[in-house]
Amino acid sequence: MRPRLSVANAALLTGLATIVAACQSPAPATGPNRAALPTMERVALGANACWFKSGDPAFAAYKLAPELNSFSGRPRILLVHKGSPESRPLLVVQAEGSPAHLQAFGPMMSEPVAGRIAADVNRWSGGNRACN
């Protein structure tokens, strides 16, 4: 014959379970996914919002061409001349691996806007959505 659990004992067990659950430490906060694709998705969203949708004059002559579905494992975004999107990219930002290794290269990285590009890309890749 199994012993029966009295109402008082059941209440005591429920109370203990509640106390134990309250003492558990919360799961550690995690940052953004650092793999190549999610990193470049954040960069593409930041570039689109801050460089193009905002009407930023430094990027007015260019068009964003995201190539995030990359079979090479290197998702990337391209900046091309607005009037000729088939032309050679003026800026390539790509990521590879997990955690992502970012690269930015092309003629725009030799212009005065290069420092800003690098700062923006680094900020967005880390999860900060701010424009400046």
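**A four-stranded sheet, a pocket and one buried arginine**

I would like to begin with a single pair of residues, R76 and Q94, which stand opposite each other, with Q94 sitting in strand β3. Please keep in mind throughout that what we are looking at is a predicted model.

That pair belongs to the contact between β2, which covers residues 76–81, and β3, which covers residues 91–96, and these two strands pair in the antiparallel sense over four bridges. On the other pairing I want to show you, β2 is joined to strand β1, residues 62–67, by six bridges, and here too the strands run antiparallel. Within that second pairing, K63 is the residue that stands opposite V80 of β2.

If we now step back to the whole sheet, we find four strands in an open arrangement, ordered β1-β2-β3-β4, with antiparallel pairing. The edges are formed by β1 and by β4, residues 101–105, each of which pairs on one side only. On average, and with direction ignored, neighbouring strands of this sheet are turned by 15° against each other.

Let me turn from the sheet to the pockets, and ask which residues line the largest pocket. The lining consists of R42, L45, G46, A49, C50, W124, G127, N128 and R129, and the space inside comes to about 180 Å³. Helix α2, which spans residues 36–53, gives the most to this lining, with five residues. In terms of character, the lining divides into four nonpolar, three polar and two charged residues.

One of those lining residues, N128, brings me to my last point, since N128 is also touched by R123. This arginine, R123, lies in helix α3, residues 114–125. Is R123 buried or exposed? R123 counts as buried, because its relative accessibility is 18% and the cut-off for buried is under 20%. Leaving aside residues up to four places away in sequence, R123 touches A130, C131 and N132 as well as N128.

So that you can find these places in the structure above, I would suggest looking at R76 opposite Q94 in the sheet, then at the pocket lining with its five residues from α2, and finally at R123 in α3.

Technical notes: Residues numbered from 1 in each chain as written. Predicted model: local features only at pLDDT ≥ 70, side-chain atom pairs only at ≥ 80, totals over all residues. Heavy atoms only, no water. Pairing = 2+ DSSP bridges. Axes fitted to C-alpha atoms, helices over the stretch in contact; angles between N-to-C directions. 1 Å grid on protein atoms, 1.4 Å probe; cavity = no way out; pocket = protein on both sides within 12 Å on 5 of 7 lines; lining within 4 Å. Points joined across faces, edges and corners; volume = space filled by probe spheres on them. Nonpolar A, V, L, I, M, F, W, Y, C, P; charged D, E, K, R; others polar. Buried < 20%, exposed > 50% of the residue type's maximum accessible area, 1.4 Å probe, protein only. Contact = heavy atoms within 4.5 Å.
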